[in-house]
Amino acid sequence: MKSFQFRLERVLSWRGTQLSVEEAKVEQLAGGLRTTDHAMACVVEGRAAAQASVERAATVSGADLRVLEASRLWAVREEKRLAARKVTLKLAIETQNRRVAEARLGVKLVERLKERKYDVWKADASRESDELAAESAIAQWRRLNH
């Protein structure tokens, strides 16, 4: 009996590669989200620190207040930009997670087909082995009885 060969092995390999690519894209997007979260925290922290330094100062000039206000306005714009980026990244991650799920399903389907084909091959090999054993037993019985 010939050894088990799955004709769709290349398809299974390709689907596995496709799954890996889709998973890598999710990780890349998640990294972008973490970076955005960190940037948001830095902006909020910087704004709070600037406000606190002005509040702690013994004297505050008009120039200091203008710098503080410019810094506050920049921080507000940056927080809005980062919040929009977070929304975009979260939507992209959801979409990519669906692609990963579809790719996993594709791999599972081909793996199940491979398992079924292997089970059929194994049953055929077992049947062939049983037939050979039976033929051998009959041939041996005939030699002994003739």
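This section describes the helices, nonpolar core, charged pairs and aromatic contacts of the structure shown above. The structure is a predicted model.

Helix α1 comprises 48 residues. From its first C-alpha to its last, helix α1 reaches 70 Å, which is close to the 70 Å expected at 1.5 Å a residue. The buried residues of this helix are L12, L19, E22, V26, A30, G31, G32, L33, T36, M40, V43 and V54. These buried residues of α1 pack against α2, the helix that covers residues 62-145. Not every position of α1 is buried: T35, which lies in helix α1, is exposed, with a relative accessible area of 54%. The C-alpha atom of T35 is separated by 9.8 Å from that of K86, although the two residues are 51 positions apart along the chain.

The packing of the two helices can be followed in the nonpolar core. The largest nonpolar core of the model has 8 residues, namely F6, L12, L19, V26, V100, A103, V107 and V110. Both α1 and α2 contribute to this core, each with at least two residues. The largest share, 4 residues, comes from α2. Such a grouping may be set beside a general tendency: in soluble globular proteins, nonpolar side chains tend to be buried together. Within the core, V107 offers an example of contacts made across the sequence. When its neighbours within four places in sequence are left aside, V107 is in contact with L12, R15, G16 and L19. Of these contacts, L12 and L19 are themselves listed as members of the core.

A charged residue is also found among the buried positions of α1. E22, located in helix α1, is buried yet has no salt bridge. Its nearest side chain of opposite charge is that of K25, at a distance of 4.2 Å. This separation does not qualify as a salt bridge because a side-chain nitrogen must lie within 4 Å of a carboxyl oxygen. Apart from residues up to four places away in sequence, E22 touches Q96, R99, V100 and A103. Two of these residues, V100 and A103, belong to the largest nonpolar core.

Elsewhere, charged side chains are paired, and the structure holds 7 salt bridges. One of them joins K114 and E9, whose side chains meet at 3.0 Å, N to O. K114 lies in helix α2 and E9 in helix α1, so this pair ties together parts that are 105 residues apart in sequence. Both partners are partly exposed, K114 with a relative accessible area of 26% and E9 with one of 34%. Another salt bridge is formed by E23 and R104, in which the closest N and O atoms are 2.9 Å apart. Because E23 lies in helix α1 and R104 in helix α2, the pair links parts that are 81 residues apart in sequence. E23 is partly exposed, at a relative accessible area of 29%, and R104 is likewise partly exposed, at 45%.

A further salt bridge has both partners within one helix. E69 and R72 form this pair, with their closest N and O atoms 2.8 Å apart. Both residues lie in helix α2, and their spacing of 3 residues corresponds to about one turn of the helix. An α-helix has 3.6 residues a turn, so residues three or four places apart point the same way. E69 is partly exposed, with a relative accessible area of 36%, and R72 is partly exposed as well, with a value of 34%.

Aromatic side chains provide another set of contacts, and the count comes to 3 aromatic pairs. In one of these pairs, the rings of F4 and Y118 have their centres 5.1 Å apart and their planes at 90°, so the arrangement is edge-to-face; the planes would need to be over 60 degrees apart for this class. F4 lies in the segment before α1 (9-56), whereas Y118 lies in helix α2, so the pair ties together parts that are 114 residues apart in sequence. F4 counts as partly exposed, at 23% relative accessibility. Y118 also counts as partly exposed, at 35%. Together with W121, F4 and Y118 form one aromatic cluster.

Definitions and conventions: Residues numbered from 1 in each chain as written. Predicted model: local features only at pLDDT ≥ 70, side-chain atom pairs only at ≥ 80, totals over all residues. Heavy atoms only, no water. Phe/Tyr/Trp six-rings, centres within 6.5 Å; stacked < 30°, edge-to-face > 60°. Buried < 20%, exposed > 50% of the residue type's maximum accessible area, 1.4 Å probe, protein only. Lys, Arg positive; Asp, Glu negative; His and termini not counted. Contact = heavy atoms within 4.5 Å. Core = buried A, V, L, I, M, F, W, Y, C linked by side-chain atoms within 4.5 Å. Expected span 1.5 Å × (residues − 1).
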